[in-house]
Amino acid sequence: MEYLLLKWIHILSSTILFGTGIGSAFYMFMANRRKDTASIYFATRHVVIADWLFTTPAIIIQLITGLLLLHVTGFSFSDKWVLWGLVLYCFAGGCWLPVVWMQIKMRDLAKNALESGKDLPAIFWKMEKWWIILGSLAFPAIIVVFYLMVVKP
């Protein structure tokens, strides 16, 4: 029973993590393409909220349940699929942390531009490029982690 409950929580949190991540990225990316400050502010504001409500708890739950599943199933950190899964998980997290900071800054820049009636500053678009680059690096890493969790090669 312990194993099935842990596995269910692990799968559910991975679904929330992946779904929130790809959904938030899509809406923010599309809002930025419109170059409409009100739309951008709406999207960035809600992406930041989604990160605090869904992504952050899912990241924490993923790590905890993953480590507990290793213990319950008898797999080891020396198993290559486990090691690579953790490396890629940490890599994706290393990409995500600056993205969160950028999203907060981008939200604030959009709010200030909207309130002042000015265009978004150049730093917004520079951060957006890095936001895309880091997300493009983290996404395939998470896909590989999913593969490793399921296949356990």
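Q: Is the crossing in which α1 passes α2 left-handed or right-handed?
A: This is a predicted model. In it, helix α1 covers residues 2-34 and helix α2 covers residues 37-73. The hand of the crossing in which α1 passes α2 is left-handed.

Q: At roughly what angle do the axes of helix α1 and helix α2 cross?
A: Two packed helices are described by the angle between their axes and the distance between the axes. For helix α1 and helix α2, the axes come within 8 Å. Their crossing angle is roughly 155°.

Q: Is α1 roughly parallel or roughly antiparallel to α2?
A: The axes of helix α1 and helix α2 cross at roughly 155°. An angle over 145 degrees counts as roughly antiparallel. Therefore the relation of α1 to α2 is roughly antiparallel.

Q: By class, how many nonpolar residues does the contact of α1 with α2 have?
A: The contact of α1 with α2 includes three charged residues and 13 polar ones. The count of nonpolar residues in this contact is 19.

Q: How many helices are there in the protein chain?
A: The protein chain has zero strands. From the N terminus on, its elements run α-α-α-α. The number of helices is therefore, as the order α-α-α-α also shows under the definition of helices and strands, four.

Q: What box do the C-alpha atoms of the protein chain fill, taken along the principal axes?
A: The protein chain holds four helices. Taken along the principal axes, the box filled by its C-alpha atoms is roughly 60 × 25 × 20 Å.

Q: How far apart are the end C-alpha atoms of helix α3?
A: Helix α3 covers residues 80-116, which is 37 residues. At 1.5 Å a residue, helix α3 should span 54 Å. The distance between its end C-alpha atoms agrees with this expectation, at 54 Å.

Q: Which residue, with a positive phi, follows α3?
A: Helix α3 covers residues 80-116. The residue that follows α3 has a positive phi, near 75°, and is G117.

Q: How many nonpolar residues does the contact of α3 with α4 have?
A: The axes of α3 and α4 come within 8 Å and cross at roughly 155°, which makes α3 roughly antiparallel to α4. The crossing of the two helices is left-handed. Their contact includes two polar and two charged residues, while the number of nonpolar residues is 27.

Q: Within what distance do the axes of α1 and α4 come?
A: The axes of α1 and α4 cross at roughly 155°, and the two helices are therefore roughly antiparallel to each other. In addition, α1 passes α4 in a left-handed crossing. The axes of α1 and α4 come within 11 Å.

Q: What is the volume of the largest cavity?
A: Rolling a probe the size of a water molecule over the atoms shows where empty space is left. The structure holds one cavity of 30 Å³ or more. The volume of the largest cavity is about 70 Å³.

Q: Which element gives the largest share of the lining of the largest cavity?
A: The lining includes S14, L17, F18, Q62 and Y89, as well as I142, V145, F146 and M149. The elements giving two or more residues to this lining are α1 and α4. The largest share, four residues, comes from α4.

Q: How many charged residues are there in the lining of the largest cavity?
A: By class, the lining of the largest cavity has seven nonpolar residues and two polar ones. The count of charged residues in this lining is zero, given as no charged residues.

Q: About how much space lies in the largest pocket?
A: The largest pocket is lined by 28 residues, and those nearest its centre are G21, W96, G135, A138 and F139. Helices α1, α2, α3 and α4 each supply at least two residues of the lining. By class, the lining has 19 nonpolar, eight polar and one charged. The space in the largest pocket is about 680 Å³.

Q: Which helix gives the most to the lining of the second largest pocket?
A: The second largest pocket has a volume of about 540 Å³, and of its 22 lining residues the closest to its centre are H10, G66, L69, W81 and M149. The lining divides into 15 nonpolar, five polar and two charged residues. Although α1, α2, α3 and α4 each supply at least two residues, the helix that gives the most, with seven residues, is α2.

Terms used
Residues are numbered from 1 along each chain as its sequence is written. This is a predicted model: local features need pLDDT of at least 70, side-chain atom pairs count only at pLDDT 80 or more; totals for chains, interfaces and linings use all residues. Side-chain values use heavy atoms; hydrogens and water are left out. Axes are lines fitted to C-alpha atoms, for helices over the stretch in contact, and angles run from 0 to 180 degrees between N-to-C directions. Angles under 35 degrees count as roughly parallel, over 145 as roughly antiparallel, 65 to 115 as roughly perpendicular and the rest as oblique. A crossing is left-handed if the near helix is turned anticlockwise from the far one by less than a right angle, and right-handed if clockwise. Ala, Val, Leu, Ile, Met, Phe, Trp, Tyr, Cys and Pro count as nonpolar, Asp, Glu, Lys and Arg as charged, and the others, Gly among them, as polar. The expected span of a helix is 1.5 Å times one less than its number of residues. On a 1 Å grid over the protein atoms alone, a cavity is a set of points where a 1.4 Å probe fits but cannot get out, and a pocket is an open set with protein on both sides within 12 Å along at least five of seven lines; lining residues have an atom within 4 Å of a point. Grid points are joined across faces, edges and corners, and a volume is the space filled by probe spheres set on the points.
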